[in-house]
Every structure is written in structure tokens, then in C-alpha cells.
Amino acid sequence: AIMTVLIGGAMSLTSVLLKPAQDKQVELDTKKKILGAAMVDISTYNTPEEILNLYKARVKSVIVDIKGEIIATDAKGNPLIAEKVNAQKNHKMAREERLYPVYIISNDLDPNVVYAYVFPMFGLGLWDWISGYIALESDLNTVKGVAFDHKGETPGLGARITDENVTKRYKENKKIFNKSGDLESITMVKGETGKKESPHEVDGLSGATITAKGVNKMLKEYLGCYQSFIKNKKGQNGIAIN
């Protein structure tokens with residue numbers, strides 16, 4: 001009994017002591033993915049502090065609701081921070097009740113010019129959750145890049161959604177709205193046969209159809225949830241929907 005108490009206490013103390021470092025690592029990983037989705041080159045930044053400073057200098061974050069309106073505080077009046085929204089818990093809520101973080105990245109030469117808008121997503125793959133970020137150009141239609149993550153997809157199959165040779169397919173002049181201005185999203189089709197000419201299709205994952213369908217559903221669902229914000233912002237900027 002004494003040993004159990006001592007070991008339990010030691011483990012609890014270790015957990016408390018390590019939590020700040022763990023939280024810092026999670027913060028760094030999240031911000032690297034946001035920058036990476038927007039194709040911001042961080043290869044020349046050698047330390048976590050440099051990357052975090054880059055993020056602070058170029059990224060502004062807001063939270064919007066399903067109507068595309070910015071939400072600054074929660075029901076109790078506490079300020080909301082986009083980077084602290086728990087994607088998994090948020091996903092379990094009804095679409096109308098979720099918080100939708102938006103990350104606005106400025107141009108490296110002019111902070112008043114938008115370089116990209118980044119939208120986080122969350123969904124389900126074959127075995128467990130999948131998540132991602134999609135970055136759009138300043139026209140809020142053309143895809144600048146994507147970053148995907150997963151918890152338990154099959155190595156060499158569904159887990160390939162994180163590979164660069166898969167994510168780069170979304171950068172080949174792909175668009176989320178069709179010529180009529182309707183949300184089309186981007187579909188990962190079955191099979192890998194080469195470059196897709198359609199601006200709304202990319203090659204799929206051979207042997208990982210369910211993961212591909214999960215990615216498609218995640219993209220369509222969350223782009224739909226962000227659609228009001230996107231169209232409102234397009235209208236404000238005087239950008240045509242198509």
C-alpha cells in the first residue's frame with residue numbers, strides 16, 4: 001500500500017512537472033501545421049522560439065460561428081482563443097453550436113496583405129479520427145495547400161494522407177467553388193491514375209478507400225460550415241465567388 005501511494009504520487013508529480021513542456025510542444029506542432037498548410041517555409045527557422053515568433057508576426061486568428069460571424073467571447077464573457085479550441089470536442093457538438101477557428105496569414109513583405117486563409121477540419125477515418133487544415137489563396141477559392149493528420153490509419157495505406165506526394169495533389173490549381181459559385185469541395189477519387197484535370201478532383205489512395213472517403217466527407221462538411229464566412233469575406237473584399 002505504501003509503495004502504491006509513493007509510486008502514484010511520483011507519477012502525478014512527474015505529470016505535473018512535464019505538462020508545461022508537453023503543452024508547449026502541442027502548441028508548436030499545431031502552429032507548424034497551420035503554417036505548413038499555407039506553404040510557409042519554416043526550414044530556415046532553427047528553434048521552436050523562432051517558429052513561434054514567425055507565427056506571432058504573420059498569423060491573426062479569429063473564431064466564427066456557422067453564420068460566419070466573429071465570436072470574441074464565450075457565454076460567460078471569457079475571451080475565446082482560436083488556437084485553444086479542442087477540435088475533437090468541438091466536432092462532437094452540433095454544427096450550429098461549434099466554434100470555427102480561422103487563421104489569417106499575412107504576406108511576409110506587407111502585413112496588410114493576406115497571404116492565405118487557413119481552416120481546420122476534423123473527421124473520422126477507417127480506425128479513428130483524422131484531422132486537417134486547408135489553406136486558401138486570398139481569392140478564398142484556390143487551394144494553396146493542405147495538411148492532414150490521423151491517429152490510427154493503416155501504415156502504407158490510409159496513413160499516407162500525411163505524405164507530401166498525397167497532399168501536393170491539392171495544390172495543382174484546385175478550387176472549392178464551381179463556376180456557378182456553388183461549393184463543390186475537392187474529392188479524392190478512387191484509384192491513382194495520374195493528374196486529374198478537374199479542379200475539384202484529386203487522385204485517391206489505393207487500398208485505403210474508407211480513409212479517402214473520410215477525408216472527402218471532412219472537407220465537404222467543414223468547408224460547408226465555413227461557407228458563410230468565406231462568402232461574407234469575398235463580398236467585403238469585392239472578390240467574385242467564381
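**Close-up views of a predicted model**

Y100 is buried in this predicted model, and its relative accessible area is 0%.

**View 1. The aromatic pairs that Y100 forms with Y222 and Y226.** Searching the whole structure gives six aromatic pairs. In one of them, Y100 and Y222 meet edge-to-face, with 6.4 Å from centre to centre and 70 degrees between the planes. This pair joins distant parts of the chain, since Y100 belongs to strand β2 and Y222 to helix α5, 122 residues apart. Y222 counts as buried because its relative accessibility is 4%, which falls under the 20% cut-off. The rings of Y100 and Y226 also pair edge-to-face, because their planes stand at 70 degrees, with the centres 5.4 Å apart. With Y100 in strand β2 and Y226 in helix α5, this pair ties together parts that are 126 residues apart in sequence. Y226 is likewise buried, at a relative accessible area of 1%. Through ring pairs, Y100, Y222 and Y226 are linked with F119 and F229 into a cluster.

**View 2. The largest nonpolar core and the surroundings of F119.** The largest nonpolar core holds 38 residues, of which F119, I134, Y170, I176 and I230 touch the most other members. At least two residues of this core come from each of β1 (59–64), β2 (100–106), β3 (114–124), β4 (129–136), β5 (143–150) and α5 (209–237). Helix α5 gives the most to the core, namely ten residues. When residues up to four places away in sequence are not counted, F119 touches P101, V102, G132, Y133, I134, L136, L140, Y226, F229 and I230. A second core, separate from this one, has 22 residues, including L28, I42, L52 and V118.

**View 3. Two charged side chains over the ring of Y115.** The charged end of R58 sits over the ring of Y115, at 5.2 Å from the ring centre. K144 also lies over the face of Y115, and its distance from the ring centre is 4.1 Å.

**View 4. The buried and exposed sides of helix α2.** Within helix α2, which spans residues 48–58, the residues I51, L52, L54, Y55 and R58 are buried. Seen down the axis of α2, these buried residues fall within an arc of 155 degrees, and they therefore line one face of the helix. An α-helix has 3.6 residues a turn, so residues three or four places apart point the same way. N53, K56 and A57, by contrast, are exposed on the other side of α2. Two of the buried residues also appear in other views: L52 is a member of the second nonpolar core, and R58 has its charged end over the ring of Y115.

**View 5. H200 in its loop and the residues around it.** H200 is found in the loop between β6 (187–188) and β7 (201–202). Although placed in a loop, H200 is buried, with a relative accessible area of 12%. The side chain of H200 reaches the backbone oxygen of K175 at 2.8 Å. Leaving out residues up to four places away in sequence, H200 touches K175, I176, F177, N178, E184, S185, I186 and T187. Among these contacts, I176 is also one of the residues that touch the most other members of the largest nonpolar core.

Technical notes:
Residues numbered from 1 in each chain as written. Predicted model: local features only at pLDDT ≥ 70, side-chain atom pairs only at ≥ 80, totals over all residues. Heavy atoms only, no water. Core = buried A, V, L, I, M, F, W, Y, C linked by side-chain atoms within 4.5 Å. Buried < 20%, exposed > 50% of the residue type's maximum accessible area, 1.4 Å probe, protein only. Helix = DSSP H or I, 4+ residues; strand = E, 2+ residues; numbered from the N terminus. Contact = heavy atoms within 4.5 Å. Phe/Tyr/Trp six-rings, centres within 6.5 Å; stacked < 30°, edge-to-face > 60°. Lys NZ or Arg CZ within 6 Å of the ring centre and 35° of its normal. Polar contact = N/O pair within 3.5 Å; in protein donor to acceptor, adjacent residues only side chain to side chain. Arc of directions from axis to C-beta.
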